[in-house]
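Here's a quick look at how two parts of one chain meet. Have the sequence and the model open as you read.

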Amino acid sequence: MEYLYTIAILMALNVILASSFNFVIGYGGLISIAHPVFYAIGAYGSALLARDGGVPVLLAIPAGALIALAASVLVALPSVRISGDYLLIGSIGVQLGILEAIKNVGWTGGAGGLTNIPALLRPGTDHGVYVALVVALAVLSVLLLHWITRSGYGRAMSAMRDDELAFAALGRNAVAMKVAIFALGCGLAGLAGGLYAHYFRFLAPAQFDILQSAALLTMVVVGGMRSTFGPILGAIVLEVLPQAITFLDLPAGLLGPMQGILFTGLVLVFMFIRPQGLIAAGSVWRGRALEEGHAGQS
Amino acid sequence: MPVSLEVRGLSKRFGGIVVADAIDLELRAGRIVGLIGPNGAGKTSFFNLVSGVVRPDSGTVALEGRDLTGMKAHRRARLGLGRTWQSLRLFPSLSVLYNLLIGARHYPGERLATLILEHGRVHRAEKAGRQRALEVLQRTGLDGFAHREVGSVPFGQQKLIGVARALMNEPRCLLLDEPMAGVEGQAYRTIQSLVRTLAAEGISVCVVEHNVAFIRDLCDEGVFMFAGRVLARGTVESLIADRRLTELYFGT
């Protein structure tokens, strides 16, 4: 049962991560791979506040999310002015640099990891409660992002992706919009980080490395970029498949490489065969129905 | 007529190429000025500099007495500077109506915090924006296309969408970059009468256009540009009659 709970929690956390990553790169068009670093900032921030700062865990988790959000704004302000390939390169620098810092300062536990993180639940509480909490937050995150992308804001995001110059010449502030998208997406990643930290109670920098970026990218691409349910499906498939491989009874030395091959292979196969992912988003923006007389005129 | 747009000493060079060389130009409310000159004269660059898409090396731009120099493109647009693009630059992922809504003035739903916290306000603004978009569509004869994808609309109507979108922001000065290129028939006449009406409402209009007949029929005044400079200014007839300018235009 413990094992199933663990899988369920990891799946729900991946749903939050993949959906918010989809919000940033799919809807926002911001090609960043630094998502795991904000997951790490949320996790470490919340864990350290609770462990060393004496903050109640229930407050530390949202505080960790806010720290990740604030950090993402600091990163975004200089880097969203650049775009495309340059933003990608900048985000690789952020991903590698911040992780390297976490590995090398003392108060994060360094490369050995952060231990003795306080748990959210009292000892003896059924872990199903935590599963329910994480799943509920994953559902809320997905609903929030879905609601935003189908609102007038989503419509403006779509226009900004189409043509940033025309967007600006109509009086719209593309830079502010990109910072907001990045901040919300990274804040949600930070929330997932806090939820991770206070259940598993141990953090190691290696969990948040660039392989995690590849895994999240695979979830989004395989699931279907710019669709609401695509990243959810991607997160579930990409959590189940590696777990299934561990049952294959392969030698331990093969397991790690197998997972890497699986992620890379899946992305390659999908890029060739089904670039739109399992759940294809339409090329035309569809919003909430507010139209009067839509049917009559189309 | 009061001065609407005032440009002083606007200069820009890209390496060795001078696209604007100390341009002085005034646009007056209610007047239509045609910007003519051969390809590469700097007409579109002038629009890019004035609308804030490209930063000038020096010079000032003011709209209705308000200094716009150094402002970003979106702020200039909010203060009443509207423009269209030679290459249209419509939003292909949006329907015609939604293309217009991106241009709507005061749209709080495009601020994330407002969207989440003040839903009622966003909803009212959305309704008002739609109302205005439908009016502009009607005015431009596009009402039948409201819910079509922009890519599926005939080219002449796409040009009109570009103009209609710029009107959503209630501009005080409108820069039209080749509104007539590739347009004929009904759309041609609609654009022509639309520009006249807008000028009559007190908007200053500047048109870049190679269609001489269009310029002659519509513009109160012509400005001839060459190599980033304003060479001559006067009635369109007098510019066309000037042999020196026609030689520059055709490169003979």
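## Polar links across the boundary

In this predicted model, 10 residue pairs make polar contact between domain 1 of chain A and domain 2 of chain A, with both partners at pLDDT 80 or more. Salt bridges are another story: the rule finds 0 of them across the interface of domain 1 of chain A and domain 2 of chain A.

## Who's on either side

Chain A splits into domain 1, residues 1-206, and domain 2, residues 209-298. The contact draws on 33 residues from domain 1 of chain A and 24 residues from domain 2 of chain A. Their C-alpha centres sit 18 Å apart.

## How much gets covered

People often quote the size of an interface as the accessible area lost when the parts come together. Here, about 2600 Å² is buried between domain 1 of chain A and domain 2 of chain A, and carbon and sulfur atoms give 66% of that. On the domain 1 side, A:M11, A:N14 and A:R150 lose the most area to domain 2 of chain A, together 19% of what that side buries.

## The domain 1 face

Now for the pieces of domain 1 of chain A that touch domain 2 of chain A. Several helices of chain A supply at least two residues each to this side, among them helix 2 (35-51), helix 4 (85-104), helix 5 (127-149) and helix 6 (152-162). Helix 1 of chain A gives the most, with 14 residues.

Sort the residues on this side of domain 1 of chain A by class and you get 19 nonpolar, 11 polar and 3 charged.

Methods
Residues numbered from 1 in each chain as written. Chains lettered and ligands numbered in written order. Predicted model: local features only at pLDDT ≥ 70, side-chain atom pairs only at ≥ 80, totals over all residues. Heavy atoms only, no water. Domains from an automatic or database assignment. Contact = heavy atoms within 4.5 Å. Buried area = accessible area lost by both parts, 1.4 Å probe. Salt bridge = Lys/Arg side-chain N within 4 Å of Asp/Glu carboxyl O. Polar contact = N/O pair within 3.5 Å; in protein donor to acceptor, adjacent residues only side chain to side chain. Helix = DSSP H or I, 4+ residues; strand = E, 2+ residues; numbered from the N terminus. Nonpolar A, V, L, I, M, F, W, Y, C, P; charged D, E, K, R; others polar.
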